[in-house]
Amino acid sequence: MAMIVLQVILLMLHLVQNVDCIWLNLPKSGRKCVTEEIHNNVVVLADYVVISDVHIHPTPSITTKVTSPYGNILHHKENATHGQFAFTTNEDGQYLVCFWADDPNQGGALSVNIDWRTGIAAKDWESVAKKEKIEGIELELRKLEAAVEAIHENLLYLKSREAEIRQVSETTNSRVAWYSILSLGICIAASIAQLWYLTRFFQKKKLI
């Protein structure tokens, strides 16, 4: 029974954890970026390493820049062949990570491998286990509790986003309706003015 419970716990943890391994091929000039939509108060941890596709030694360096949805710089590192960035989000929206080669003429294609973790996947559970002296099923239950909290926060975030989208949609529909009414009013007024002008014109022609 305990083994079944543990398997269920591990399955749920696998479903809610967000761990992405991304490969990017960098152009010789310009930049390559990835984005992810993350809500507020989420831990983000990422490791990246540069790989030369033609095995140049030493490995050419790159510049890394991470910006928040409102343009705040969260990480900026130049002349790097590997690195790590970690932060806790304080804004909802799209977080942008960009990479570009420091020297466009360094020769050869470059690739960047990114190990991207968010939420409970970015938490150092080994430190938690040592600090609180827990292990086994108790540690997995602690992870499950964190996973449930993360799911609840995600549901609240999705609910708030849905409310925002609904409000924007209702506002847009209202503006379109008023625009349609205004356009119809202008067309009616233009038609009346044109009819009045033509009536006056033909009345003058009769008098002549």
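Biologist: What makes the stretch around Leu198 a helix?

Modeller: Leu198 belongs to helix α3, which covers residues 137-207. A helix is a DSSP run of H or I with at least four residues, a strand is a run of E with at least two, and both are numbered from the N terminus. Do keep in mind that this is a predicted model: local features need pLDDT of at least 70 and side-chain atom pairs count only at pLDDT 80 or more, while totals for chains, interfaces and linings use all residues. Residues are numbered from 1 along each chain as its sequence is written, and side-chain values use heavy atoms, with hydrogens and water left out.

Biologist: Why is Leu198 called partly exposed?

Modeller: Buried means under 20% relative accessible area, exposed means over 50%, and partly exposed is in between (1.4 Å probe, protein chains only). Leu198 has 37% relative accessibility, so it counts as partly exposed.

Biologist: And what makes Leu198 and its companions a nonpolar patch?

Modeller: Patch members have over 30% relative accessible area and no salt bridge; nonpolar side chains are joined within 5 Å, and like charges within 9 Å. Trp196, Tyr197, Leu198, Phe201 and Phe202 form such a patch on the surface, and their accessible area together is about 580 Å². That area comes from the Shrake-Rupley method with a 1.4 Å probe.

Biologist: Let us turn to the strands. How do you know that β3 pairs with both β6 and β8?

Modeller: Two strands pair if DSSP finds at least two bridges between them. Strand β3 (residues 43-52) is joined to β6 (residues 82-88) by seven bridges, antiparallel, and to β8 (residues 110-118) by nine, again antiparallel. Both pairs therefore meet the definition. For landmarks, Val43 faces Thr88 in β6, and Ile51 has Ser111 in β8 as its bridge partner.

Biologist: Why are β2 and β5 edge strands of the open sheet?

Modeller: The sheet has four strands in the order β2-β7-β4-β5, with antiparallel pairing. β2 and β5 (73-80) each have a single partner strand, so one side of each is left without a neighbour in the sheet. On average, neighbouring strands here are turned by 10° against each other, direction ignored. Inside the sheet, β4 and β7 share six bridges, with Thr64 opposite Phe99, and β4 and β5 share five, with Thr67 opposite Ile73. In the hairpin of β4 and β5, five residues lie between the strands, and Gly71 takes a positive phi near 90°.

Biologist: What makes Phe99 a candidate for a nonpolar core?

Modeller: Phe99 lies in β7, and its relative accessible area is 0%, so Phe99 is buried. A nonpolar core is a set of buried Ala, Val, Leu, Ile, Met, Phe, Trp, Tyr and Cys residues joined through side-chain atoms within 4.5 Å. The largest core has 22 residues, and Phe85, Phe99, Ile114 and Trp116 touch the most other members. Elements giving two or more residues to this core include β1 (18-26), β2 (32-38), β4 (62-67) and β7 (93-101).

Biologist: How do you know that Asp47 and Arg117 form a salt bridge?

Modeller: The term needs a side-chain nitrogen of Lys or Arg within 4 Å of a carboxyl oxygen of Asp or Glu. Asp47 and Arg117 have an N to O distance of 2.8 Å, a salt bridge. Asp47 lies in β3 and Arg117 in β8, so the pair ties together parts that are 70 residues apart in sequence. Asp47 is partly exposed, at 25% relative accessibility.

Biologist: How many salt bridges does the whole structure have, and which are the others?

Modeller: The search finds three. Arg117 also forms one with Asp115, with the closest N and O atoms 3.7 Å apart. Glu162 and Arg166 form another at 3.6 Å; both lie in helix α3, four residues apart, about one turn of the helix. Glu162 has a relative accessible area of 46% and is partly exposed, as is Arg166 at 41%.

Biologist: What makes some of these a network?

Modeller: Shared partners: their salt bridges join Asp47, Asp115 and Arg117 into one network.

Technical notes:
Axes fitted to C-alpha atoms, helices over the stretch in contact; angles between N-to-C directions.
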